[in-house]
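Me: I'd like to practise reading features off a model, one at a time. Can you walk me through this one?

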Amino acid sequence: MDELPLTEDELLQKHKRERKELQVQIQILKKSICKGDKKKKKEIAEEIAHKEENLEKKQDEEIARWKISRVTLNDTEVENVEETQEKSDTESKESEKVPQRISKAQRRRHKKENAEKERNQRIIEQEAFDVFGKRNVETQSIKKILHERGIMLYEIPSDGHCLYNAVAHQLKTLGEIPLSLQDLRTKTAMYLRENRNDFLPFISNPDSDELLSPEQYEKYCNDIVETCAWGGAIELQVLSRILERQIEVIQATGVPYIVGDEFSKEKKIILTYHRYMYELGAHYNSVTKLIKEDES
């Protein structure tokens with residue numbers, strides 16, 4: 001493994017060069033695709049995604065290790081000084097020192113102490129990865145944005161129903177007529193069926209990138225009602241129209257994503273979008289009024 005740069009700036013510059021080099025590789029791969037070769041296009045897309053994921057993971061680990069090295073530097077320096085002093089004392093008294101046999105009890109004690117040190121180091125490393133990992137960084141960024149607006153995160157379970165449950169929670173918070181996630185799913189599927197021509201051109205088969213056939217579109221609608229199919233941009237648009245509400249989606253970076261500009265901002269639905277909260281993929285949460293410390 002490459003040795004990490006001594007400074008944060010050197011590490012960031014190294015990562016910047018690596019990303020530029022990867023972009024060059026990606027452009028070369030894209031140019032190798034023959035027009036109309038869908039199989040090759042899919043293979044290249046998977047290879048590019050794999051390369052980007054590997055680089056991202058590698059750079060995240062390097063940053064975490066750099067952070068760990070800053071945390072443990074002082075302890076390491078003290079240990080090095082102590083070891084140097086002990087070595088010097090040992091060498092100066094070497095001729096006078098009489099060899100001593102280490103007992104089994106001492107060996108067991110030393111072994112236990114070393115195992116404890118290794119366990120503590122692993123805990124420190126894991127804590128550093130948790131603190132500086134994408135999930136925590138993204139969550140803290142979103143919480144900061146919400147706090148500045150006087151609201152706070154309301155976590156929704158990650159079960160495939162998060163979008164619908166988050167919207168249902170918002171309706172309840174706003175004092176509207178309560179709708180269950182099944183109500184929202186049923187209404188979404190019904191609206192999609194009634195307005196197929198409006199949405200069909202924007203939904204493609206994930207396996208082939210081709211537009212859905214009428215039969216596949218009908219299955220798409222059935223899955224919304226009958227399964228825990230995850231809701232995305234299309235479903236957000238539909239929910240906005242059904243409820244006649246503007247929906248604002250807050251993200252860790254960039255401006256909020258607004259759906260339903262034609263509707264009033266009054267009592268708009270506010271959701272948060274998380275890319276890294278769960279391993280299964282993207283996730284939606286709701287928000288609620290900020291609870292101050294003196295109110296808790």
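**Reading strands, charges and rings**

Reply: Sure, and let's begin with a strand. Strand β4 (residues 269–278) is largely enclosed by the rest of the structure, because seven of its ten residues are buried. Keep in mind that this is a predicted model.

Me: Which strand does β4 pair with in the parallel sense, and over how many bridges?

Reply: That's β2 (residues 247–250), which runs parallel to β4 and pairs with it over four bridges. For a specific contact to look at, take V249, whose bridge partner in β4 is L271.

Me: Okay, on to charges. How many salt bridges does the count come to?

Reply: The general idea is that side chains of opposite charge can pair when their charged atoms come close. Here the count comes to ten salt bridges. One of them joins the side chains of K14 and E18, with 2.8 Å from N to O.

Me: Why are K14 and E18 separated by about one helical turn?

Reply: Because they sit four residues apart in helix α1 (residues 8–31), which puts about one helical turn between them.

Me: And are K14 and E18 buried or exposed?

Reply: K14 has a relative accessible area of 13%, so it is buried. E18 is buried too, at 16% relative accessibility. The pair also belongs to something wider: K14, E18 and K58 are linked in a network of salt bridges.

Me: Can you show me another helix with a salt bridge in it?

Reply: Try K219 and D223, whose side chains meet in a salt bridge at 2.9 Å, N to O. Both lie in helix α8 (residues 214–226), four residues apart, or about one turn of the helix. Now check the exposure: K219 counts as exposed at 51% relative accessibility, while D223 is partly exposed at 23%. The cut-off for exposed is over 50%, so K219 qualifies with its 51%.

Me: What about a salt bridge between distant parts of the chain?

Reply: Look at K134 and E56, where the N to O distance is 2.1 Å. That pair links distant parts of the chain, with K134 in helix α4 (residues 134–148) and E56 in helix α2 (residues 38–92), 78 residues apart. K134 is partly exposed, with a relative accessible area of 26%, and E56 is also partly exposed, at 34%.

Me: Last topic: rings. How many aromatic pairs are there?

Reply: In general, a pair of aromatic rings is described by the distance of the centres and the angle of the planes. The count for this model comes to three aromatic pairs. Among them is a stacked one, W230 with Y284, at 5.6 Å centre to centre and 25° between the planes. It links distant parts of the chain: W230 is in the loop between α8 and α9 (233–243), and Y284 is in strand β5 (residues 281–289), 54 residues away.

Me: Which of W230 and Y284 is buried, and which is partly exposed?

Reply: W230 is partly exposed, with a relative accessible area of 40%, whereas Y284 is buried at 4%. Y284 also pairs with Y273, and that pair is tilted: 5.2 Å centre to centre, 50° between the planes. This one links Y273 in strand β4 to Y284 in strand β5, eleven residues apart. Both Y273 and Y284 are buried.

Me: What do the ring pairs link W230, Y273 and Y284 into?

Reply: A cluster: the ring pairs tie W230, Y273 and Y284 together. And that brings us back to β4, the strand that holds Y273.

Terms used: Residues numbered from 1 in each chain as written. Predicted model: local features only at pLDDT ≥ 70, side-chain atom pairs only at ≥ 80, totals over all residues. Heavy atoms only, no water. Salt bridge = Lys/Arg side-chain N within 4 Å of Asp/Glu carboxyl O. Helix = DSSP H or I, 4+ residues; strand = E, 2+ residues; numbered from the N terminus. Buried < 20%, exposed > 50% of the residue type's maximum accessible area, 1.4 Å probe, protein only. Pairing = 2+ DSSP bridges. Phe/Tyr/Trp six-rings, centres within 6.5 Å; stacked < 30°, edge-to-face > 60°.
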